[in-house]
2 protein chains.
Amino acid sequence: MTAIKETSTIQENKQYALDICPVTYVMEKIGGYWKPIILYHLSTSDKRYSELKRAIPAITEKMLIQHLKQLENDGLVIREAKPVVPPFVTYSLSNAGNGLIPVINAMAEWAFKEKDGVYGG
Amino acid sequence: MTAIKETSTIQENKQYALDICPVTYVMEKIGGYWKPIILYHLSTSDKRYSELKRAIPAITEKMLIQHLKQLENDGLVIREAKPVVPPFVTYSLSNAGNGLIPVINAMAEWAFKEKDGVYGG
DNA sequence: CATGATACATACTTTAGGGTAAGTACTTGT
DNA sequence: ACAAGTACTTACCCTAAAGTATGTATCATG
């Protein structure tokens, strides 16, 4: 069932791919360039918005806030704002977000091995 | 050192980010939508070009071959062509590619848990 | 009264990734 | 002679993602 449409774009096939490939399911949530990087920085410790900004200098504010919102909507990070001024907003990993730490760690481990030429550099 | 340029794009900051964040390093190689999916299918068994095509119906031939080439250039997959006709080309994971299996598996595991509501669905 | 710090929002433009469609070369089958 | 299967290649187009550049609100400080 779940036939493929003739006019097939990534968007339209997402539902299909989701059923058949778990990795695709993950890519829907943390795919793209910045999200895993943000999650990595949150995995070491909760961080304020400005701390994340400083931790990832290459990211623009638009990208940062945009992805934080998406991660929040997807239930991976939790946003907590203290009603003070100047604002004090903290981002942390949710339960589901913590579940991704093994993925992030596996990535980091691979990166270090690759750099060290373990795989034949 | 390694100061950030004023005109900062992802491209220009890749070198910088690579030094500071291992996850970024991984994303350079397997970032994007299709690559992890391709690696996932190759992790279960070596496959011919046409087998991959059938395994990932949503992907176009252009994307498939393009990402396979990049993965080959990045030393993650190995292409073996038998000089017969019709062509017989097999793709398999390299040493470094096999090193990514824990990442892929961690992703798959998370996806199943998330679907099962383990994290509070 | 202007500046800085906080955490955003929003309009506009550019670019890169992805999609469509067609073609190539060689052989087997009808 | 023509279609089908193999593994691609190439040219063109379109859209979604990313970048640029502003603006907002509030208070503290000089």
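I looked up salt bridges across the interface of chain B and chain A first and got 2, taking a side-chain nitrogen of Lys or Arg within 4 Å of a carboxyl oxygen of Asp or Glu. K29(B) pairs with E114(A), closest N and O atoms 3.2 Å apart.

This is a predicted model, so I kept local features to pLDDT of at least 70 and side-chain atom pairs to pLDDT 80 or more, while totals for chains, interfaces and linings use all residues. Residues are numbered from 1 along each chain as its sequence is written, chains are lettered from A in the order written, and side-chain values use heavy atoms, without hydrogens and water.

Next, the extent of the interface. I find 43 residues of chain B in contact with 43 of chain A (heavy atoms within 4.5 Å). Buried area comes to about 3,900 Å², 77% of it from carbon and sulfur atoms (accessible area, 1.4 Å probe, that the two parts lose on being put together, summed over both). On the chain B side, Y33(B), M107(B) and W110(B) lose the most, together 18% of what that side buries.

Then the DNA. I count 20 residues around strand C, with S50(A), I65(A), R79(A), Y91(A) and K62(B) the closest (a heavy atom within 4 Å of the strand). Sugar and phosphate make up 71% of the strand C atoms that come within 4 Å of the protein.

I also checked phosphate oxygens of strand C. A polar side-chain atom of S50(A) sits 2.8 Å from one, a backbone N or O atom of V89(A) 3.4 Å from one, and a side-chain N or O atom of H67(B) 3.3 Å from one.

Notes
Polar contact = N/O pair within 3.5 Å; in protein donor to acceptor, adjacent residues only side chain to side chain.
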